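Could you walk me through a structure the way you'd read it yourself? I'd like the general idea of each feature, then the case at hand.

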Amino acid sequence: MDSLVSRAESYWPILVSGLWLTIAVTVAALVLSTVLGLVWAMLRTSGVPALARPTRVIVEFLRGIPILVVLFYIYFVMPEIGIDLTAFQAGVIGLGLTYSCYIGETFRAGIEAVDPGQIEAAKSIGMRRGLTMRRVILPQAFRIVLPPYGNNLVMLLKDSSQVSVISVAELTMQGKMLASSTFDNITVFTMVALLYLCLTIPLNLCMSYLEANFGRAR
Amino acid sequence: MIRFEQMRKSFGTHAVLRGIDAEVNRGEVVCLIGPSGSGKSTMLRCINGLEPYQGGRVMIGDTLVDASRPTIHDIRTRVSMVFQRFNLFPNRTALENVMEGPIYVLKEKPADVRERASALLRRVGLEEKMQAYPASLSGGQQQRVAIARALAMRPEAILFDEPTSALDPEMVGEVLSVMQGLAEEEDMTMLVVTHEIQFAREVASRVLFLDDGLIAEEGPARELLQHPKNERTQDFLRRVTHPV
Ligand SMILES: Nc1ncnc2c1ncn2[C@@H]1O[C@H](COP(=O)(O)OP(=O)(O)O)[C@@H](O)[C@H]1O
Ligand SMILES: [Mg+2]
């Protein structure tokens, strides 16, 4: 028992450094995918076919490729066409691109779920498209979108473990390396799993709280 | 003030309005009546460019209404609209709903707008409810907020699309009396789609009867409502005043 504690203690700093990197990858990919997702959603709901159609193709395309393949593609193929990326950058871009599709689709659904009467009301007081988006549609879509957005965030956090395949030293990667050098699989991977839960459980609780207190239309 | 000249509108192959000639003069209250599906809402929506039309013209003053031109936004600030289902912004208080247009579209100073919006809400009898969200208001109260929101744009005319049809019967009166006040005290130009024949008789100067895509009959309110000449008008009035 004593040795378990001391072993866990010796693994702790390494796993925590991985945990920080997991958080960094997740936050960076979240920012990228949210901004891109918003762009996709705006283009797809623009009502302009020349914008909506190509966007749809890009989104469908990206959604049809497994994250691992996207990551390999960015990390190994990009340098061959002269774009050198660190593993961290490649990981963030790969995750961000992939998730921008999911998040863009939830944003689009949210925008389309806003009552058309709201848009008419906005138009009837002279609002132009941009102002209608900013003052009327997005604030209401935000409430609709919050729960699925939260789910996407949790999934993104878990999927950030996939960037270990391109050697980003995040939590899963650190766990794998520790386990193969110590052969202490059970302790290491239990700790890894618990550390993920330390992030996902509070996030889920936070989301349910927001949903209950904010997601509802007043 | 608002003029239709041989205006035609279709949805795909379905011709809804087939050559409308009509006029609403400044300071006049005109009621538009007609069977459901006859195109009353469509006619209103063509005035402020919520719908494009295919033939003839719709004029507001000297301005041609053309939904495809960017100037349509300015036209919409000149003619406000009140909807059957209120369409208040649910995430904003009554006061914020009224202030939204003047601040963000007319770019007026927020402090002045707040004062004016409060006065408008007082005018429609809602001084107690300024900070309330639409969901906590009754239908009649919501529609009165919507009227205040329309007035806040200082429109030259207001279009009402069945403003009392979504209301419980006991709330119809409060909305109609606000509208009557606007007509009588402020000489507001109003085009009102309604089935409230009593209101039309008391408040409107003229009535238009829309049927099968055309203005089938028009005339002074009392005359047309009491002695309709057109058989279809007689038929329609019998049905709305004595529902089966
Ligand atoms: N957006 C639309 N697309 C296709 N048809 C429509 C649309 N809006 C209205 N219509 C049709 O136009 C006709 C007139 O509708 P409307 O103006 O709403 O009538 P009213 O307000 O008199 O009841 C109806 O037959 C309706 O089905
Ligand atoms: Mg209608």
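What follows is a chat between a learner and a teacher about helices, a sheet and some empty spaces.

Q: Before we start, what kind of model is this, and how are residues numbered?

A: It's a predicted model, where local features need pLDDT of at least 70, side-chain atom pairs count only at pLDDT 80 or more, and totals for chains, interfaces and linings use all residues. Residues are numbered from 1 along each chain as its sequence is written, chains are lettered from A and ligands numbered from 1 in the order in which they are written, and side-chain values use heavy atoms, with hydrogens and water left out.

Q: How do I read two packed helices, say helix 4 and helix 6 of chain A?

A: Two packed helices are described by the angle between their axes and the distance between the axes. Here helix 4 and helix 6 of chain A pack at about 145°, with their axes 8 Å apart. (Helices are DSSP runs of H or I, at least four residues, and strands are E runs of at least two, numbered from the N terminus; axes are lines fitted to C-alpha atoms, for helices over the stretch in contact, and angles run from 0 to 180 degrees between N-to-C directions.)

Q: Which residues of helix 4 and helix 6 of chain A meet?

A: Among them are A:Tyr99, A:Ile103 and A:Phe107 from helix 4, and A:Ala141, A:Val145 and A:Pro148 from helix 6; contact means heavy atoms within 4.5 Å. By class, this contact has 17 nonpolar, three polar and one charged residues. (Ala, Val, Leu, Ile, Met, Phe, Trp, Tyr, Cys and Pro count as nonpolar, Asp, Glu, Lys and Arg as charged, and the others, Gly among them, as polar.)

Q: Now the sheet in chain B: in what order do its strands come?

A: Strands of a sheet pair through backbone hydrogen bonds, either parallel or antiparallel. In chain B, six strands form an open sheet in the order 6-7-8-3-9-10, with mixed pairing; two strands pair if DSSP finds at least two bridges between them. Strand 6 (79-82) and strand 10 (214-220) of chain B are at the edges with a single partner strand each, so one side of each has no neighbour in the sheet. From one strand to the next, the twist averages 20°.

Q: Which way does strand 9 of chain B run beside strand 3 and strand 10, parallel or antiparallel?

A: One of each! Strand 3 and strand 9 of chain B run parallel, joined by four bridges, while strand 9 and strand 10 of chain B are antiparallel over six bridges. Look at B:Phe209: this residue is the bridge partner of B:Ile33, and B:Phe209 also stands opposite B:Glu217 in strand 10. The hairpin of strand 9 and strand 10 of chain B has two residues between the strands, and B:Asp212 takes a positive phi near 55° there.

Q: What about empty space: how big is the second largest pocket, and what lines it?

A: Its volume is about 290 Å³, and 16 residues line the second largest pocket, with A:Ile119, A:Lys123, A:Arg129, A:Thr132 and A:Ile137 nearest its centre. Helix 6 of chain A gives the largest share of that lining, four residues. (On a 1 Å grid over the protein atoms alone, a pocket is an open set of points with protein on both sides within 12 Å along at least five of seven lines; a cavity is a set where a 1.4 Å probe fits but cannot get out; lining residues have an atom within 4 Å of a point. Grid points are joined across faces, edges and corners, and a volume is the space filled by probe spheres set on the points.)

Q: And how much space is in the largest cavity?

A: About 30 Å³. Its lining includes A:Ser124, A:Ile125 and B:Arg149, and helix 5 of chain B gives the most to the lining of the largest cavity, with three residues.
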